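This report describes the internal cavities, domain arrangement, charged pairs and backbone features of one protein chain. The sequence and structure are shown below.

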Amino acid sequence: MALATVLLVLYSALRLLCSLASAPLDLAWTLHRSSAPPPVVAFAPAVVAANGSWPPYTLVAYPGTRVVSYNTTPLTVTTSFGGVVYNKTCNETWFAPPRNLASALRHKVPIPTNRWWGNWIAYSENHTDVCAWASPYAVCLFPRSIGVWYPPARRVFGNFSGIGDSPEYYYHEIASDVVLSAKEVNKTDATPFQVVGWDDLGVTVRASRHNKSVQATVVSGMAYFTATFAGLSPLVRANHTIVRVNGRNASRGALFSNATKLTLDFNNSQTWVVYASPPVTWKLTSATDLRAAAYEGHIRVALAPNGSSGAEYDVHADCIVTGGRVELAPTTYSFAWNTTGACAAGLLHFGLRHHVDTLDQATATEVTAPRLESSTRGALYPLVSLKARWTLKEPTLLPATFLPRVSAPHSRLVAANLTGNLKADILSNWTMESNGSYYFNGKAAQKYASLCLMASDTNVVGRATSYLKTCQRKLEKALTPFIDNSWTYPLVYDGLYRGIVSSQGFAENETYADFGNTMYNDHHYHYGYWVTAAAIANYVHPSWARLPALNARIETLVRDVANANASDPLFPTFRAFDWYKGHSYSHGATAMTDGKDQESSSEDINFHYGLSLFGGVTQRAEIETLGRLMLTLNARAAQTYFLMEDASTVQHPRMRPNKVLGIIFDNKVDYTTWFSNETHCIHGIQMLPTTPVTEFVRTKTFVSEEWTQVLSKLPIVTNVTLARNNTWASILYLNYARVDPDAALKMLAQVPMDDGLSRSWALYMAASQDH
């Protein structure tokens, strides 16, 4: 995995350097925190320390040669289950420090690490990964300018996936179409573009000189890119020759007085429209540059769809989105867009497919134009909202249950010798590495806890209690080091970004230790296993005296990943989950050329499944309600963008025969994994772990198509000898049980098990499937 990551980073850096070699100027941005926070689910209030301040730092040595800095005075984090003690560290300040972040924000507020715009503040050794994808536009943040471009116009397909003539990947060449800046920003005494604020739906950047500024708020789905000037001189630079302005041949030196709109035709066949509010006088100073005198107002640019003059933008051109907040209810979520300007005709904003599928049409209306495309999530849908608000409805929430929806027929349980296999698994040697990974140990924790679930199911064990009693004792022992935080690399509280991270990366000075947990990679994967295991422990062992301590530790992980309380000073809100896109992002505090990514849609699901179970079993209704809504939306996004049924029209038709995307970045879709190019791994990572909620995400139709068209042809399936020597066969055949449980049961009795899967759980889940 580490080698694959290094190779990808080197390749991406080279590609970006080549594409940006001629990039003009640089840019900056601004962020706003909503003045009225949304009515969100509230956890117990958090505290910094008893006296309201951080204690001093001292040095503590960890195993190995690296000396790392920790707080010797423990930090107690208050939860609704009691206090949890962590050592607080400042190591992120040298390990993966943020860039382009206004000094007023450093050490003052929790900093999001996994947001779609994270490249602008993420640590980067070469400072070349500067783009973020707002769809339809990608926006690149340079020190002295902002580059705006339309990715689908630069789409490149590559290699073959091995499935028909489908490509292995596509990406978009990075190069600005339009660059915005101000003349004064290029002065040496100017403050370059920095992130100065954010809210639930947008991010703001700003550059300034002598108390005059240019700033932009960038929002997913924005129909226009807007730069707001306060006393600086606007510059709009094309990365192509401007051949016509307002339909007339362009001539150097031409003046456009008191203009509210210019239509620019480029020599690459693109047409961009430039709006100004209030009017501005432009001068075409070269074949690529429009300049104006010092200005107070908004300059907006938008791409006209092919064959259009951009007139469809006109009626909404003075209504400007400046961010927004997410408002949650049990079965709905709303985007309350912040706006400025003349909005009587409504806010024009783009939505994705899952938005139009669930939109309350009383809040927004789909219009026919403009029609553009996102970079990696299909078509965009132009929506107009008169009240600058979308409400999305999920009236039927997915069930989150500990046991399968269908009790397995007794005949299947007997044929599978489930009680014998369960006994063997319970009595087996349960292992977790004391110096191991929070990901792999988390998988083990959920695996062992699931044994206790079966031991509590009377359909499996009847009235026997010995299975459960033994399992409870072993589960206590397995979870105690996690509760006590006593492993070689304990979890610590990071005081810079503000979250819970593994100390392994600090100790080894390795950003990708434990898959990058220390730099906030994959927290929803890692911690999802622990949240689910803890929920099961509460269900199967309610009298355990250490449950409050376990639950308190788990609540801190929940807050690290999916904190819904905007007033919590210790954690950012929704670190991983993107409410606009409906799924989480995996990559954390370092920059990536192609933007944030998500690999395992099923492990994303597992976090929200565990969150729902944990809230329900601990009687925290607000957590359960949040978990169920996130789980349902997450499943919808997985089915819409990650798992491609034959009837799906969202993803590019050339990619659909692959049936799964692999890794989805904001700028690239890559039919691979971070750890292997094997087809069974690419599909298998979208299957694990299998739980009672899996059938509601991976439909029987999809599983049947995927098996028939792809998986059934793989050597790991066609060659029984290979299957009996590859643990991935257990993942594939447990998935196959959705369409043929009896055939799957026969293979699951023979093949080796994945490290997060016991044989008894595989047989139990397979036996519980409808034929």
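## The largest cavity

In this predicted model, the lining of the largest cavity draws at least two residues from each of the helices α6 (438–456), α10 (523–540) and α18 (728–736). Helix α6 gives the largest share of that lining, with five residues.

The largest cavity encloses about 200 Å³ of space. It is lined by 22 residues, and those closest to its centre are Gln 446, Pro 689, Thr 690, Gly 756 and Trp 761. By residue class, the lining of the largest cavity comprises twelve nonpolar, seven polar and three charged residues.

## The second largest cavity

The second largest cavity has a volume of about 160 Å³. Its lining consists of 19 residues, of which Thr 690, Thr 694, Glu 695, Arg 738 and Gln 769 are the closest to its centre. Two elements, α18 and α20 (759–767), give two or more residues to this lining.

Nine residues in the lining of the second largest cavity are nonpolar, six are polar and four are charged. Thr 690 is listed among the residues closest to the centre of the largest cavity and also among those closest to the centre of the second largest cavity. Helix α18 likewise supplies at least two residues to the lining of the largest cavity and two or more to that of the second largest. In total, the structure holds six cavities of 30 Å³ or more.

## Domains and their interface

The chain is divided into domain 1, which covers 88–155 + 178–319, and domain 2, which covers 410–768. The C-alpha centres of domain 1 and domain 2 are 40 Å apart. At the interface, 34 residues of domain 1 are in contact with 43 residues of domain 2.

The size of an interface is often expressed as the accessible area lost when the parts come together. Between domain 1 and domain 2 the buried area is about 3200 Å², and carbon and sulfur atoms give 59% of it. Phe 95, Asn 114 and Trp 133 account for 23% of the area that domain 1 buries against domain 2, more than any other three residues. Zero salt bridges are found across the interface of domain 1 and domain 2.

## Salt bridges

Side chains of opposite charge can pair when their charged atoms come close. Over the whole structure, 27 salt bridges are found. One of them joins the side chains of Arg 237 and Asp 289, with an N to O distance of 2.7 Å. Arg 237 belongs to strand β17 (residues 234–238) and Asp 289 to strand β22 (residues 289–291), so this pair ties together parts that are 52 residues apart in sequence.

## Backbone features

Most peptide bonds are trans, and most residues other than glycine have a negative phi. Which residues does a cis peptide bond with omega of about 15° join? The bond in question links Ser 135 and Pro 136, and Pro 136 is placed in the loop between β7 (131–133) and β8 (138–141). The peptide bond from Ala 369 to Pro 370 is also cis, with omega near 5°; Pro 370 lies in the loop between β27 (365–366) and β28 (381–385).

Asn 509 is a residue other than glycine with a positive phi, near 50°. This residue, Asn 509, is located in the loop between α9 (504–508) and α10. Helix α10 is also one of the elements that supply at least two residues of the lining of the largest cavity.

Notes
Residues are numbered from 1 along each chain as its sequence is written. This is a predicted model: local features need pLDDT of at least 70, side-chain atom pairs count only at pLDDT 80 or more; totals for chains, interfaces and linings use all residues. Side-chain values use heavy atoms; hydrogens and water are left out. On a 1 Å grid over the protein atoms alone, a cavity is a set of points where a 1.4 Å probe fits but cannot get out, and a pocket is an open set with protein on both sides within 12 Å along at least five of seven lines; lining residues have an atom within 4 Å of a point. Grid points are joined across faces, edges and corners, and a volume is the space filled by probe spheres set on the points. Helices (H or I, at least four residues) and strands (E, at least two) are DSSP runs, numbered from the N terminus. Ala, Val, Leu, Ile, Met, Phe, Trp, Tyr, Cys and Pro count as nonpolar, Asp, Glu, Lys and Arg as charged, and the others, Gly among them, as polar. Domain bounds come from an automatic or database domain assignment. Contact means heavy atoms within 4.5 Å. Buried area is the accessible area (1.4 Å probe) that two parts lose on being put together, summed over both. A salt bridge is a side-chain nitrogen of Lys or Arg within 4 Å of a carboxyl oxygen of Asp or Glu.
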